[in-house]
Amino acid sequence: MTDGTEHIEPAVVRTWVAETVRALGEARARIDRANVFPVADADTGTNLFLTVTEGARAVGEVPDGAPVDTVLLAFARGALIGARGNSGVILSEYLRGFAGATTVADEPVGSLRVATRLEAAARSSYAAVAVPVPGTILTAADGAAVAARAAAEAGADLSGVVRAARAGAHEAMLRSPRELDVLSRAGVLDAGAFGLVLVLDALCHALGAVDDGPGLGLGTRGALSVADGTMARMTSGTTGVDDVTDVTSVPAPGAALVGRTTAQASGVVVPVAGAAPGEHAPVGIDGEFEVMLVVDGTDGTDGTDGTDAPAPATPPLADALRAALAQVGDSVVVVGEGVWQAHVHTDDPARAVQAARAAAGGARGARLRQVCVRHLATQVAARGSLHGHALPTSGEVPEHGVVAITSAPGLVPDLARSGAVVLLATDHVPTPGEVLRVAVDTGARTVAVLPGSAGAADAAREAEGLVGQGAGDLRGIEVLDAPTDLHVVAALAAATLGSAAADAVALMKATLEEVRAVQVPADGTLVRPALEGLLRADDEVLTVLPGRWVDPVVVDVVAGIARQCVPGIEVVVLDSGRDHADLELGAE
């Protein structure tokens with residue numbers, strides 16, 4: 001590919017995809033360590049890796065011989081559906097912009113076409129974010145686009161343009177601590193920007209563009225390290241691991257960066273003046289919960305295998321989603337076309353879901369699915385750094401995790417605060433793929449699933465057979481006998497009493513054997529016999545889960561009857577958030 005008609009071939013895209021997965025897989029733990037923005041929950045590397053892995057899976061389903069645009073779109077679409085976290089969602093939109101760019105008629109040369117794709121990718125990424133922040137993956141995307149255009153217009157060939165894009169992203173990443181105070185205080189470069197540098201470096205390798213151009217100072221796999229104040233360039237083709245200290249950081253005044261291979265790359269946390277090794281300055285959280293959801297506009301199809309034709313592009317829906325979510329939280333990103341992935345940090349998950357549903361209401365056939373909720377402070381405590389606590393020093397993987405599935409929006413906050421990753425299934429029974437996704441999102445090797453309904457239990461059992469097909473560290477799923485939301489609540493309440501994760505699983509199982517539940521209309525003539533049949537003399541707790549249309553007086557009557565039946569019983573009332581007039585009653 002050295003003449004003026006050079007272009008990216010389908011085989012090059014497939015190699016790029018594989019190289020990207022490999023590079024981010026190798027770098028994920030170290031990128032996680034540098035993750036302090038927007039929340040220091042130490043998962044940016046993992047999120048980027050899981051996102052591109054789902055994109056790679058979609059590419060693997062594209063038949064050989066398919067044109068380059070088909071392969072690129074499959075990569076972007078798979079990444080969209082599988083996107084995790086703020087950076088993962090943005091990267092999926094970057095890939096969609098790259099794949100969907102239209103080449104103008106007066107740009108016949110391959111290098112100019114690629115520059116146009118990189119510009120479209122940067123524009124799409126910026127447009128997806130409600131409040132773009134400098135010093136992030138967005139700034140790196142812009143740096144790549146500007147550098148690529150300049151190189152193309154100066155007559156660089158395809159390889160030269162891609163190398164220039166990588167260098168532009170790299171330089172923007174080095175500026176990130178000067179543009180974003182939280183990075184400067186923590187002594188790190190932006191984790192998302194570093195991930196994008198690796199994505200572009202993977203493209204360089206797919207094209208065979210492994211030589212650094214004059215003055216790049218970027219080694220063969222895009223790794224960076226503060227060294228002895230001099231700039232050292234590695235020669236092309238370097239694949240070994242040297243003895244450079246495993247750190248990457250904000251360059252001190254006058255310091256320079258040494259390139260290393262990806263295998264050593266991306267350990268992106270080092271001390272800066274006034275900071276002890278492994279410590280970060282206080283980092284705030286811009287919402288108690290992370291909510292991710294998919295708005296599916298494929299008119300009833302599942303939209304996950306790349307074969308269903310998406311609905312016509314409706315940018316106003318993306319804009320409406322972005323605006324609606326910005327009213328209930330921060331770190332808002334909305335990406336996609338036909339199928340949209342949305343991300344928000346919020347204090348009120350139910351309001352976020354309601355806002356998304358209202359915004360999607362104007363699109364024919366649009367429905368919510370894959371609604372995943374995590375409690376950010378719990379994630380930070382488990383994996384990251386909050387208010388100066390040390391970050392993990394290596395990629396520790398928790399042995400046990402919990403997924404809670406519910407159709408009750410009102411229960412989501414407490415379920416998530418318990419440490420579970422919550423799948424809110426309000427519009428449909430979850431699919432096995434959705435259960436697998438949230439199981440992977442726990443980050444654990446083995447995951448206990450509390451299904452909350454018979455349909456969700458069936459899906460979770462099918463998901464057991466899919467383990468190994470999902471990315472991440474998941475090795476096994478165990479479906480616990482939790483057929484109602486009240487079983488889920490009781491199990492997670494018991495889990496908090498365990499001193500270790502394994503103890504928590506045992507406590508959940510023991511508790512589930514004792515829980516009895518019934519659902520009845522909020523009618524006095526039905527409630528008393530239901531309670532009398534449910535309660536036993538040794539019961540300690542009655543949990544009442546009323547629908548939103550239940551009169552509070554009825555709930556008081558239920559509590560009174562329960563105390564008549566079992567003197568001294570504790571009555572706990574929880575808001576289901578469901579639009580019905582039934583009472584769900586659980587005794588244990």
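**Exercise 1.** In this predicted model, determine how the side chains of Asp296 and Arg367 meet, and where the two residues lie.

*Solution.* Step 1: the two side chains form a salt bridge, with an N to O distance of 3.8 Å. The cut-off is 4 Å, so this pair qualifies.
Step 2: Asp296 belongs to strand β1 (residues 289-296) and Arg367 to strand β4 (residues 367-375), so the contact ties together parts that are 71 residues apart in sequence.
Step 3: the relative accessible area of Asp296 is 0%, and the residue is buried. Arg367, at 25%, is partly exposed.
Step 4: the pair belongs to a network of salt bridges that links Asp296, Arg367, Arg369 and Glu434.

**Exercise 2.** Work out how far apart in helix α1 Glu26 and Arg22 are, and state whether each is buried, partly exposed or exposed.

*Solution.* Step 1: a salt bridge joins the side chains of Glu26 and Arg22 (2.8 Å, N to O).
Step 2: both residues sit in helix α1 (residues 10-33); because they are four residues apart, about one helical turn separates them.
Step 3: Glu26 has 30% relative accessibility and counts as partly exposed. Arg22 has 38% and also counts as partly exposed.

**Exercise 3.** Locate the two residues of the salt bridge between Asp579 and Arg548, then give the number of salt bridges in the structure.

*Solution.* Step 1: the side chains of Asp579 and Arg548 meet at 2.8 Å, N to O.
Step 2: Asp579 is in the loop between β11 (570-573) and β12 (582-587), while Arg548 is in the loop between β10 (541-546) and α19 (552-565); this pair links distant parts of the chain, 31 residues apart.
Step 3: the structure holds 25 salt bridges.

**Exercise 4.** Describe the sheet that contains β9, β10, β11 and β12: strand order, edges and pairing.

*Solution.* Step 1: the order of the four strands is β9-β12-β10-β11, in an open sheet with mixed pairing.
Step 2: β9 (516-521) and β11 are the edge strands, each pairing on one side only.
Step 3: on average, neighbouring strands of this sheet are turned by 20° against each other, direction ignored.
Step 4: β10 and β12 run antiparallel and are joined by five bridges. Val544 stands opposite Leu585 in β12.

**Exercise 5.** Identify the strands that helices α16 and α19 touch or lie across, and give the angles.

*Solution.* Step 1: α19 packs on the sheet and touches β10, β11 and β12; the direction of α19 makes about 160° with that of β10.
Step 2: helix α16 (residues 485-495) lies across β9, β10 and β12, and runs at about 40° to β12.

Methods: Residues are numbered from 1 along each chain as its sequence is written. This is a predicted model: local features need pLDDT of at least 70, side-chain atom pairs count only at pLDDT 80 or more; totals for chains, interfaces and linings use all residues. Side-chain values use heavy atoms; hydrogens and water are left out. Buried means under 20% relative accessible area, exposed over 50%, partly exposed in between (1.4 Å probe, protein chains only). Two strands pair if DSSP finds at least two bridges between them. Axes are lines fitted to C-alpha atoms, for helices over the stretch in contact, and angles run from 0 to 180 degrees between N-to-C directions. Contact means heavy atoms within 4.5 Å.
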